[in-house]
Amino acid sequence: MVKVNYDSTTGEIKRFYPEFVKYENIPEPMIEVTEDTWHDCIANIGLRKVDLTSLAIVTYIPTKTLTELQETKIAELKSLLAQTDYEAIKYSEGIITADKFANLKTAREAWRSAINSIQAAITVDEVNAVTYLTTIPTVD
């Protein structure tokens, strides 16, 4: 068995105390779990916590703050724009025709619009409501 010290308010796991190591003092609150559960917690750091009602280890999916979510989505959109910059330059230099660039141009405009919408969002739900293409249209 392994003792698990956790935060009594959030259920966040603080530390493990396997029984093969002798400890003078194990802080409270604490529950005991099997070695299999302990290994699962180690393999899924940050994705397990103690349910404060059942006092059992449960799967935990952390939620991002508004700022974290905005930063993640904007970074993804900027990456899509950066990945297509070369094609945009070729279009601006006349190497690619407007017809061939049309789908990519539309996608790039939509990505910039999505960035603006995400930056203007004031709630997580507003950020999550912004949808956009995550694949890059081909230029043929």
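In the predicted model, the count of salt bridges comes to 4, and three of these pairs are described here in turn, with attention to the accessibility of each partner.

Glu 32 forms a salt bridge with Lys 3, the closest N and O atoms of the two side chains lying 3.9 Å apart. This pair connects distant parts of the chain, since Glu 32 belongs to strand E3 (residues 30-33) and Lys 3 to strand E1 (residues 2-6), with the two positions 29 residues apart in numbering. Glu 32 has a relative accessibility of 45% and is therefore classed as partly exposed, and Lys 3, with a relative accessible area of 27%, is likewise partly exposed.

A salt bridge that links helices is formed by Arg 108 and Asp 85, whose closest N and O atoms are 3.2 Å apart. Here again the pair spans distant parts of the chain, with Arg 108 in helix H4 (residues 98-120) and Asp 85 in helix H3 (residues 85-92), 23 residues apart. Arg 108 is buried, because its relative accessible area of 11% falls under the 20% limit for that class, whereas Asp 85, at 34% relative accessibility, counts as partly exposed.

Arg 48 forms a salt bridge with Asp 40, and the closest N and O atoms of this pair are 2.7 Å apart. At 18% relative accessibility Arg 48 counts as buried, while Asp 40, at 30%, counts as partly exposed. Arg 48 also appears among the residues that line the largest pocket, so that the description of this side chain leads on to the pocket itself.

The largest pocket has a volume of about 200 Å³. Its lining consists of Thr 10, Glu 12, Ile 13, Phe 16, Cys 41, Asn 44, Ile 45, Gly 46, Arg 48, Lys 49 and Tyr 60. Two strands, E2 (13-18) and E4 (48-51), each supply at least two residues of this lining. When the lining is sorted by class, 5 residues are nonpolar, 3 are polar and 3 are charged; the lining includes Glu 12, Arg 48 and Lys 49, which are of the charged class, and Ile 13, Phe 16 and Tyr 60, which are among the residues that count as nonpolar.

Definitions and conventions. Residues are numbered from 1 along each chain as its sequence is written. This is a predicted model: local features need pLDDT of at least 70, side-chain atom pairs count only at pLDDT 80 or more; totals for chains, interfaces and linings use all residues. Side-chain values use heavy atoms; hydrogens and water are left out. On a 1 Å grid over the protein atoms alone, a cavity is a set of points where a 1.4 Å probe fits but cannot get out, and a pocket is an open set with protein on both sides within 12 Å along at least five of seven lines; lining residues have an atom within 4 Å of a point. Grid points are joined across faces, edges and corners, and a volume is the space filled by probe spheres set on the points. Helices (H or I, at least four residues) and strands (E, at least two) are DSSP runs, numbered from the N terminus. Buried means under 20% relative accessible area, exposed over 50%, partly exposed in between (1.4 Å probe, protein chains only).
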